[in-house]
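Colleague: Got a minute to walk me through this one? I'd like to go piece by piece.
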Amino acid sequence: MRKQFAVIGMGRFGSAVAKTLSQLGFEVLAIDQDEETVQDVSAYVTHAVQADSTDEEAMRALGIRNFDVVVVAIGEDIQASILTTLILKEMGVATTIVKAVNDLHGKVLKKIGADKIVYPERDMGQRVAHHMISSNIIDYIELSADYSIVEMRASKEMLGKSLRELDVRAKYGCNVIAIKHNEQMIIPPSAEAPLKQEDILVIVGKNSSLQNFEVTFAE
Ligand code: ATP
């Protein structure tokens, strides 16, 4: 059976999550306390209901515990975000994904059992900054506080050189885990093959090591 999703809070983040899931063919229950917002989103999700997610009875009546994943996308009202997460976990919702607006909010969410905490503004800010460092950085994904993955187009300096010649691991302390070429993924990448134009390196490492690598090969 396909996963059942519910999204609480139809701000910019929540509505983008709900809309994308819906476009991907999944059933989504969208919940917001504001009637007008519910009307707006009802055009593109399977079900949209007006309810206050801090009202335990209302959540029970919606059968929220039967959803596989519930996203809490309430930002401004931190108290409502925390209370909602607590109610969902106490009701036994399998997976909760909760948007945090700052580190302290995130810490509290972790303590009360949120399964995944996302920081959309912070993450997007980091991505934009990495794109700004160099035009050959394609993507940046934070894995933990210390480690990330960077996707980087081979710079002019790298062309014709193999990974062994570049000595990425010893010189920069990062690992090239894959090379993408024309939508083809080469995993693991060859240590000997010379890098070609349009090759994309997928690199994992400590943030400080990756930054050093990015800056060295920035274009
Ligand atoms: P954005 O994703 O646009 O940045 P935001 O972080 O500013 O959103 P808010 O605007 O505070 O978040 O809330 C998002 C939505 O959540 C709003 O549409 C609001 O009506 C809804 N919301 C807030 N509290 C509750 C609640 N207790 N129950 C249901 N919906 C709620």
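Modeller: Sure. One term before the ligand: a residue counts as near a molecule if its C-beta atom, placed from the backbone, lies within 6 Å of it. And keep in mind that this is a predicted model.

Colleague: Okay, how many residues surround the ligand, and which are the closest?
Modeller: The ligand is surrounded by 21 residues, and the closest are G9, G11, F13, G75 and E76.

Colleague: Which elements give two or more residues to that shell?
Modeller: Those are α1, residues 12–23, and β2, residues 28–32. The largest share is from α1, which supplies three residues.

Colleague: And how do the shell residues divide into nonpolar, polar and charged?
Modeller: Seven are nonpolar, eight are polar and six are charged.

Colleague: Let's zoom out. How is the chain divided into domains?
Modeller: Domain 1 covers 5–118 and domain 2 covers 123–216. Their C-alpha centres are 35 Å apart.

Colleague: What does UniProt list for residues 2–118?
Modeller: An unreviewed UniProt entry has the feature "domain: RCK N-terminal" there. In the model, the span 2–118 is 41% helix and 21% strand, with 23 Å between its end C-alpha atoms.

Colleague: And for residues 135–219?
Modeller: That's "domain: RCK C-terminal", again according to an unreviewed UniProt entry. Residues 135–219 are 22% helix and 36% strand, and the C-alpha atoms at the two ends lie 6 Å apart.

Colleague: Now the sheets. In what order do the six strands of the parallel one run?
Modeller: The order is β3-β2-β1-β4-β5-β6, and the sheet is open. At the edges you have β3 (47–50) and β6 (116–118), each pairing on one side only. Neighbouring strands are turned by 15° against each other on average, direction ignored.

Colleague: Pick a pair in there. How many bridges are there between β4 and β5?
Modeller: Four, in the parallel sense, between β4 at residues 69–72 and β5 at residues 95–99. One contact to look at is V70, whose bridge partner in β5 is T96.

Colleague: Which strands does helix α4 touch as it packs on that sheet?
Modeller: Helix α4, residues 78–91, touches β1 (5–8), β4 and β5. The direction of α4 makes about 175° with that of β5.

Colleague: Over to the five-stranded sheet. Is the pairing parallel or antiparallel?
Modeller: It's antiparallel, in an open sheet ordered β7-β8-β11-β9-β10.

Colleague: Why is one side of β7 and of β10 left without a neighbour?
Modeller: Because β7 (137–142) and β10 (184–186) stand at the edges and each has a single partner strand, one side of each has no neighbour in the sheet. From one strand to the next, the twist averages 20°.

Colleague: How many bridges does the β9 and β11 pair have?
Modeller: Six, with β9 at residues 174–181 and β11 at residues 200–206 running in the antiparallel sense. If you want a spot to click on, I179 stands opposite L201 in β11.

Colleague: And which strands does helix α9 touch?
Modeller: Helix α9, residues 207–216, packs on the sheet against β7, β8 (147–153), β9 and β11. The angle between the directions of α9 and β11 is about 140°.

Colleague: Back to β7 and β8: how many residues sit between them in the hairpin?
Modeller: Four residues sit between the two strands of that hairpin. The antiparallel β7 and β8 are joined by five bridges, and I137 has M152 as its bridge partner in β8.

Colleague: Last topic, backbone oddities. Where's the cis peptide bond?
Modeller: The cis bond joins I187 and P188, with omega at about -10°. P188 is in the loop between β10 and β11.

Colleague: And what is phi for D167?
Modeller: Near 55°, which is a positive value in a residue other than glycine. You'll find D167 in the loop between α7 (163–166) and α8 (168–172).

How values were computed: Residues numbered from 1 in each chain as written. Predicted model: local features only at pLDDT ≥ 70, side-chain atom pairs only at ≥ 80, totals over all residues. Nonpolar A, V, L, I, M, F, W, Y, C, P; charged D, E, K, R; others polar. UniProt positions renumbered as here; feature names shortened; annotations may be inferred. Pairing = 2+ DSSP bridges. Axes fitted to C-alpha atoms, helices over the stretch in contact; angles between N-to-C directions. Contact = placed C-beta atoms within 7 Å. Domains from an automatic or database assignment.
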